[in-house]
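I opened this notebook to keep a record of what I looked up, entry by entry, with the sequence and the coordinates side by side.

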Amino acid sequence: MAAFDESSLRRWFVARTLARGRDYVRRGHVLSVEEVGSGEIDAIVKGSGGQRYHVYIALPTGRDRRLTTDCSCPVGVNCKHAAAALLALKMTSEGTAPAIAQPRLDPALAAWLAAVRAADATLALPAAAEDYPATVRDRLFYVLLTEER
């Protein structure tokens, strides 16, 4: 787990940005945050208008004490979304993080998924449903994911 402390956060972000990042964490705007490499972090943070921003962070390594952030928001670097992602990661490592908010599906999509699940549950397939005749050489599979990547 990436190691940084409160003084690092204060050095990397101006006070207002850090305060807004804390507010985003408290309000559940950090939808996902994970360490994807040694000192590299990917996150999805919901903005004030409901849009989702992708945040990439590279923590300082060795003697270089500079933080590198890249966010898809208009600010782009050292923004409240990056601050929120780091705060959520820090709180998670300390065991004090609020639960990461689960994204809500559009009601029409949720209804469609429920119908697909209901149809799947009522479909009685024979035991050998996975066996295909020798003449079937190609198959097309659809994979539906309910979580954002």
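**Entry 1: surface and burial**

What is the accessible surface of the protein chain, and what percentage of it belongs to carbon and sulfur atoms? I looked this up before anything else, bearing in mind that I am working from a predicted model. The accessible surface comes to about 10300 Å², and 54% of it belongs to carbon and sulfur atoms. I then turned to burial and noted that 31% of the 149 residues of the protein chain count as buried. For contacts between residues at least 6 apart in sequence, I noted that 48% join residues at least 24 apart.

**Entry 2: order of the elements**

I listed the secondary structure of the protein chain and found 4 helices and 4 strands, which follow the pattern α-α-β-β-β-β-α-α when read along the sequence.

**Entry 3: the sheet**

In what order do the strands of the open sheet lie? I read the order as β1-β2-β3-β4, with antiparallel pairing. The edge strands are β1 (30–37) and β4 (68–71), each of which pairs on one side only, and the twist from one strand to the next averages 15°.

I went through the pairs one by one:

- β1 and β2 run antiparallel and are joined by 6 bridges, and Val-30 stands opposite Val-45 in β2. Their hairpin has 2 residues between the strands, and Gly-39 takes a positive phi near 80° there.
- β2 and β3 also run antiparallel, joined by 7 bridges, and the bridge partner of Ile-44 is His-54 in β3. The hairpin that β2 and β3 form has 5 residues between the strands, with Gly-50 in the turn at a positive phi of about 95°.
- β3 (residues 52–58) and β4 pair in the antiparallel sense over 4 bridges, and I noted Ile-57 opposite Thr-69 in β4.

**Entry 4: the nonpolar core**

Which residues touch the most other members of the largest nonpolar core? I found Phe-13, Ile-57 and Leu-86 in that role, in a core of 28 residues. The elements that give two or more residues to this core are α1 (6–12), α2 (15–26), β1, β2 (40–46), β3 and α3 (80–94), and α3 gives the most, with 8 residues.

I followed Leu-86 further, leaving out residues up to four places away in sequence, and found that Leu-86 touches Phe-4, Leu-9, Trp-12, Phe-13, Ile-41, Ile-57, Leu-59 and Leu-67. Ile-57 therefore appears twice in these notes, as a residue touched by Leu-86 and as the residue opposite Thr-69 in β4.**Entry 5: the cysteines**

How many disulfides does a search of the whole structure find? The search finds 0, and I wanted to know why Cys-71 is not in one. The sulfur of Cys-71 is 3.6 Å from the closest cysteine sulfur, that of Cys-73, and because a disulfide needs the two sulfur atoms within 2.5 Å, this distance is too far for a bond. Seen from the other side, Cys-73 is in no disulfide, and the sulfur of Cys-71 is the nearest cysteine sulfur to that of Cys-73.

Are these two residues buried or exposed? Cys-71 counts as buried at 7% relative accessibility, and Cys-73 counts as buried at 7% relative accessibility too.

Terms used: Residues numbered from 1 in each chain as written. Predicted model: local features only at pLDDT ≥ 70, side-chain atom pairs only at ≥ 80, totals over all residues. Heavy atoms only, no water. Buried < 20%, exposed > 50% of the residue type's maximum accessible area, 1.4 Å probe, protein only. Contact = heavy atoms within 4.5 Å. Areas by Shrake-Rupley, 256 points an atom, 1.4 Å probe, with all protein chains shown as cover. Pairing = 2+ DSSP bridges. Axes fitted to C-alpha atoms, helices over the stretch in contact; angles between N-to-C directions. Core = buried A, V, L, I, M, F, W, Y, C linked by side-chain atoms within 4.5 Å.
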